[in-house]
Amino acid sequence: MLLFDGDCAFCTTCVTWMQRHIRRLDAAVPYQFAELDTLGVDAAECERALQWVGADGTVLSAQLAVAQVLVGAGKGWAVIGRAIRLPGIRQISGVVYRWISRNRYRLPGGTPACALDAHRSRDAR
């Protein structure tokens with residue numbers, strides 16, 4: 001299962017794109033509607049990055065969650081997913097993931113509500 005930020009328009013747009021273009025896609029659920037305790041993750045982890053939770057309870061975050069979704073999709077997607085896991089590429093994809101995460105409100109489909117600071121200030125209330 002892929003857990004994403006359902007309050008973020010950019011994240012929702014990305015998941016919707018994946019649902020349309022990747023035939024074999026794990027379930028994707030906004031973390032706000034998931035039983036996080038049962039899945040072994042908490043809301044703070046989900047706010048920081050995508051979370052992928054395997055049937056065996058394995059949890060992968062950020063670019064490794066993306067890689068696992070792609071591997072699970074099979075065919076050409078799996079090649080890309082495996083490449084993301086390779087030494088060197090893994091680190092570079094982590095930098096790219098963190099940049100996208102910090103700037104998601106500026107990207108296509110993003111809104112000011114997607115800014116991570118907006119989530120932190122909302123949670124502080």
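Contact here means heavy atoms within 4.5 Å, and by that criterion Phe4, leaving aside its neighbours within four places in sequence, is in contact with Cys11, Thr12, Val15, Ala28, Val29, Pro30, Tyr31, Gln32 and Leu50. The structure in which these contacts are found is a predicted model, and every value below was computed from it.

## The chain as a whole

The chain holds 7 helices and 4 strands, and from the N terminus on these elements run in the order β-α-β-α-α-β-β-α-α-α-α. Of the 125 residues in the chain, 41% are buried, while the accessible surface comes to about 7400 Å², with 60% of that area belonging to carbon and sulfur atoms. When contacts with a separation of 6 or more are considered, 51% of them join residues that are 24 or more positions apart.

## The nonpolar cores

The largest nonpolar core has 21 residues, and within it Leu2, Phe4 and Leu50 touch the most other members. Strand E1 (2-4), helix H1 (9-21) and helix H4 (62-73) are the elements that give two or more residues to this core, and H4 provides the largest share, with 6 residues. Apart from this core lies another one, of 9 residues, whose members include Val29, Ala34, Leu39 and Cys46.

Two members of that other core can be followed in some detail. Val29 lies in strand E2, which covers residues 28-30, and, not counting residues up to four places away in sequence, Val29 touches Met1, Leu2, Leu3, Phe4 and Ala34. The second member, Cys46, is found in helix H3, and Cys46 counts as buried because its relative accessibility is 4%, where buried means under 20%. Leaving aside its neighbours within four places in sequence, Cys46 is in contact with Leu3, Tyr31, Leu36, Val41 and Gln51.

Helix H4 also holds Ala65, a residue that counts as buried because its relative accessibility is 0%. With neighbours within four places in sequence set aside, Ala65 is in contact with Leu2, Leu50, Gln51, Trp52 and Leu60; Leu2 and Leu50 are among the residues that touch the most other members of the largest nonpolar core.

The following table gives, for three pairs of residues, the separation along the chain and the distance between C-alpha atoms.

| Pair | Separation in sequence | C-alpha to C-alpha distance |
|---|---|---|
| Ala65 and Leu2 | 63 residues | 7.5 Å |
| Val29 and Leu3 | 26 residues | 5.2 Å |
| Cys46 and Pro30 | 16 residues | 9.3 Å |

## The largest pocket

The largest pocket has a volume of about 620 Å³ and is lined by 28 residues, of which Phe10, Cys14, Leu50, Val66 and Tyr97 lie nearest its centre. Several elements take part in this lining, since E1, H1, helix H3 (43-48), H4, helix H5 (75-85) and helix H6 (89-103) each supply at least two of its residues. The largest share of the lining, 6 residues, comes from H1. Sorted by class, the lining of the largest pocket has 21 nonpolar, 3 polar and 4 charged residues.

Leu50 therefore appears in more than one part of this account: Leu50 is a residue of the largest nonpolar core, Leu50 is in contact with Phe4, and Leu50 is one of the lining residues that lie nearest the centre of the largest pocket.

## Two residues with a positive phi

Most residues other than glycine have a negative phi. Against that background, Ala62 has a positive phi of about 55° although it is not a glycine, and Lys75 likewise has a positive phi, of about 45°, although it is not a glycine. Ala62 is found in helix H4, whereas Lys75 is found in helix H5.

Are these residues buried or exposed? Ala62 is buried, because its relative accessible area is 12% and buried means under 20%. Lys75, by contrast, counts as exposed, because its relative accessibility is 79% and exposed means over 50%.

How values were computed. Residues are numbered from 1 along each chain as its sequence is written. This is a predicted model: local features need pLDDT of at least 70, side-chain atom pairs count only at pLDDT 80 or more; totals for chains, interfaces and linings use all residues. Side-chain values use heavy atoms; hydrogens and water are left out. Buried means under 20% relative accessible area, exposed over 50%, partly exposed in between (1.4 Å probe, protein chains only). Accessible areas come from the Shrake-Rupley method with a 1.4 Å probe; for residues, only the protein chains shown count as cover. A nonpolar core is a set of buried Ala, Val, Leu, Ile, Met, Phe, Trp, Tyr and Cys residues joined through side-chain atoms within 4.5 Å. On a 1 Å grid over the protein atoms alone, a cavity is a set of points where a 1.4 Å probe fits but cannot get out, and a pocket is an open set with protein on both sides within 12 Å along at least five of seven lines; lining residues have an atom within 4 Å of a point. Grid points are joined across faces, edges and corners, and a volume is the space filled by probe spheres set on the points. Ala, Val, Leu, Ile, Met, Phe, Trp, Tyr, Cys and Pro count as nonpolar, Asp, Glu, Lys and Arg as charged, and the others, Gly among them, as polar.
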